[in-house]
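Here is a short tour for anyone opening this structure for the first time. Have a look at it, then read on.

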Number of protein chains: 2
Amino acid sequence: MLFDVTILGSNAAIPAHNRYPSAQVLNYNGNCFLIDCGEGAQFRMNHFGIKRARLDNIFISHLHGDHYYGLIGLLTSFNLNWREHALNIYGPAGLEEIIHVHLKHSQTELRFKINFHHLTADEPKIVYEDLMLTAETIVLSHRLPTTGFLFKEKKNLRKIIAEKITEYNIPHHLINDIKSGDDFIDEKGNVISNKELTLDPLPPRSYAYCSDTVYTENFVDQIKGVNTLYHEATFIHEHEPRALETFHTTSKQAAKVAKAANAGKLLLGHFSARYENLNLLLEEAREIFAESYLAEEGKIFSI
Amino acid sequence: MLFDVTILGSNAAIPAHNRYPSAQVLNYNGNCFLIDCGEGAQFRMNHFGIKRARLDNIFISHLHGDHYYGLIGLLTSFNLNWREHALNIYGPAGLEEIIHVHLKHSQTELRFKINFHHLTADEPKIVYEDLMLTAETIVLSHRLPTTGFLFKEKKNLRKIIAEKITEYNIPHHLINDIKSGDDFIDEKGNVISNKELTLDPLPPRSYAYCSDTVYTENFVDQIKGVNTLYHEATFIHEHEPRALETFHTTSKQAAKVAKAANAGKLLLGHFSARYENLNLLLEEAREIFAESYLAEEGKIFSI
């Protein structure tokens, strides 16, 4: 199953260096999730060939503008493109009022329904679930109530060994039970253990999005073993006091979180306008956590 | 005096072809006016090297998103850049509520004052005046109350002929009176007529911005003789029924307005997403009004 993330925006709030504010698209086998939606996110989707129409679920971490100012434009474009199927928006309750006020003044009645899922930043909650995935909130520590998001594959089924189906003449209707862990009992009453018939499944994959937050390891247990962690890394180490003051993180601190969580890899983003060149951010993270990468715009990371 | 306009955005509402929605910067000798502010306008300003800090007056024509969704991001950037001097916003009253709701949910108190000038689309009014210029509203016909804007230089002073100052020994403190039309009386009581001392001034220049509107010549008398007319030209002639239905204009109709107004030149903009190539829009306008140009992004037109 395809499971990757495309970076649409990598910059912090003050526009600079042709970087866009936070937005990314998580693609699970064609089902696309928009995570944050800074100004211009819809232009970036056009630019990187991601179809707006594939989005049914939008997750907004908090109500600082660089994380959601692109949302109203995206909704307007959906409407102008005659979208009729419902859209789910997961975010702070205030989003609903903001969108409502825009629509009121443009005298717009949307052709599609928006299901608002009001998120709070008090404790982790599963807020989305389908056959393959769940998404749960991560409680972050920022100036406004802010949630990250953890997307997890559900436990995969065991892999049945094709030759065993023939060898034991296993009927088709029992295959899913065996994949789920059942033993097989043949016509003569012999019990063939599940272990003989199947291989361990691939471990479920997961993606954690953590922006914006001051350095904290409070949520590390929740994301333990995550395959890919996106963590904000607004500042270099030298500017750690500024990070603390503004409730942001340095890339070193992000790397500490990745290490503590035993993450597979770390994506760094939400870069301050003061850095045109991002190499130092990356180098400082790699001193602590080798599998660190810059979440630069247009890059696609496989989970 | 420098008097030019830089096009930041040229597209209608649905994002396409890497074009941005409506926004332009009128520069009068360094005093910059932002006219409409579609999503991404602040990024375009960065891209074209226009300093945000030079803006003290922002004019918004109406509350369709492609004309103002970039405003809240721009205000946020002002604030993050420690702007402290007041900003004037001229636009429909609803803007104030929209901005207020955004600021409320991000718990932001701006460091600078916004003076809101609530515009109505019932009759033309002078809404801005300084030593050199006035700006007045133009009543347009669109689905929402919409005003265009006419920027006019004040009447220029007459040009004094340098040699005459020496010849008649004109004292310095009388120069401005003579530029304003006074005769000169020398020490012996001889009257030297103003006509002998001065040349006609350059005629005052003007710029009219007309977007969005259905085809109408209702405002032609107001903009008669305008040096440069920006007029929306959303559609080609073949799509005139669609223009009527959506309260927009074809480029031919825009050219008719320019001709009726005896404009110096016509800038066409607000292009529908359906046209990647804009040549036909331009050709159709030029059949009627030769001095027609595409208001493409990054272009600077001298008024």
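Which residues are buried in α2(B)?

## A helix on the inside

They are B:Leu71, B:Ile72, B:Gly73, B:Leu74, B:Leu75, B:Thr76, B:Ser77 and B:Phe78. "Buried" here means that 20 or more other C-beta atoms, placed from the backbone, lie within 10 Å of the residue's own (12 or fewer is exposed, and in between is partly exposed). Helix α2 of chain B covers residues 71–80, and 8 of its 10 residues are buried, so the rest of the structure largely encloses it. Helices (H or I, at least four residues) and strands (E, at least two) are DSSP runs, numbered from the N terminus.

What do those buried residues pack against? In chain B, their partners are β3 (31–37), α1 (41–47), β5 (87–91) and α3 (94–105). Contact means C-beta atoms, placed from the backbone, within 7 Å. After α2(B) comes B:Trp82, with a positive phi near 65°.

## Two copies, one axis

Chain B lands on chain A after a rotation of 180° with 0.0 Å of shift along the axis, at an RMSD of 0.2 Å. That is how a two-fold axis relates its copies. In chain B, the C-alpha of B:Gly40 is the nearest to the axis, 2.9 Å away. The superposition is a least-squares fit on C-alpha atoms of residues with pLDDT of at least 70 in both copies.

The copies meet through the same surface, because 100% of chain B's interface residues are interface residues in chain A too.

## About the model

This is a predicted model: local features need pLDDT of at least 70, side-chain atom pairs count only at pLDDT 80 or more, and totals for chains, interfaces and linings use all residues. Residues are numbered from 1 along each chain as its sequence is written, while chains are lettered from A and ligands numbered from 1 in the order in which they are written.

How values were computed:
Contact = placed C-beta atoms within 7 Å.
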